[in-house]
Amino acid sequence: MPISRTNSKEKFLMSLCGEQQKRQPRHAFSTVPKCDMLLNNLCEVFNSKLITARDKSLLTMCEMIRRYLMTRIVKNREAMNKVSGPLCPRIQNKLNINKIESRDSKNDLLDGNRFEVTYKGKQYIVDIAAKKCACYKWDLTCISCKHAVSVITHKKHIPEDYVDDYFKVETYHRVYPHLILPTNGEELWPMGAGNKVMPPDMRKQPAQTSTVGSKKKKVERRNKKYNAGASTSHHSSMTQENVSSQRSVASGTRRSVAQRAGTGISGASGTPRSDAEVSGRQ
Ligand SMILES: [Zn+2]
């Protein structure tokens, strides 16, 4: 049975959160990966970049992937060098949105680290020491949610300090310290020390019985034979017609001669002569 896209998606969700939680899985996600993505879009993006290289030969495909990664790493590094804050740009944008939305919330202190936050009529418990919020977004992504930002600013702390190290520029530079170095073309590669790699010996293949070429030749032979037979039969029929027409002409000639002899018909016009004309000539 072919695996549909829906089945593969359900399997992916079940691998994340188990059989019982496949309907609303985000609240059952593990907090270890620091990721709340429901769909596997990372693979889709990478696949769309490689779609032009997939139908190429192996060496050409690897060369296209190497060139793409080489330029992408350099572009991202240059973009990261321009960032002034501690967070990566997209994470900083998410945090800025939470900062704006946190202005509508109201905080009530429970104890030193726990707060009850009211936002649009709903209440959430926020623990800034454990970095947890009842909405589960802070637990899941380690990016401070709007309830957490409200509490953090209430305590006059900096919200960026409560974001996990995964999303910091310093971590990015630690993960991508190396570059994919450029390479020369194939003509400038050094010669290897081993034996020269040669193509395999040509071997005569066994005769093919049902190929297109043999079928074509078979059809041509049959047409040629048919045409030859048709022309022969046509010629023979034409000959028979000629013979029959010649026979009819000959019989007609004999009949006209006999009529002339018996009835006195003469001349090309075939008009009968009178007895006076006959007797007069005699
Ligand atoms: Zn929250």
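This passage walks through the overall make-up of a predicted model and then looks at how its strands pair.

To begin with the whole chain, nine helices and four strands are found. Their order is easy to follow along the sequence, where the pattern reads α-α-α-α-β-β-β-β-α-α-α-α-α. The strands thus sit together in this order, with helices written on either side of them. Of the 282 residues in the chain, 10% count as buried. Contacts along the chain can also be sorted by separation in sequence: among those between residues at least 6 apart, 44% join residues at least 24 apart.

The strands come next. Strand S1 covers residues 106–109 and strand S2 covers residues 114–119; the two pair in the antiparallel sense over four bridges. One pairing to look for in the structure is that of Asp-108, whose bridge partner in S2 is Glu-116. Together S1 and S2 make a hairpin, with four residues between the strands.

S2 also pairs with strand S3, residues 122–127, again in the antiparallel sense, and here six bridges are found. Across this pair, Tyr-119 stands opposite Lys-122 of S3. S2 and S3 form a hairpin too, with two residues between the strands, and in this hairpin Lys-120 takes a positive phi near 55 degrees.

Finally, a database record can be set beside the model. In an unreviewed entry, UniProt lists residues 124–156 as "domain: SWIM-type". In the model, this span is 42% helix and 18% strand, and its end C-alpha atoms lie 20 Å apart.

Key
Residues numbered from 1 in each chain as written. Predicted model: local features only at pLDDT ≥ 70, side-chain atom pairs only at ≥ 80, totals over all residues. Pairing = 2+ DSSP bridges. UniProt positions renumbered as here; feature names shortened; annotations may be inferred. Buried ≥ 20, exposed ≤ 12 C-beta atoms within 10 Å, placed from the backbone. Contact = placed C-beta atoms within 7 Å.
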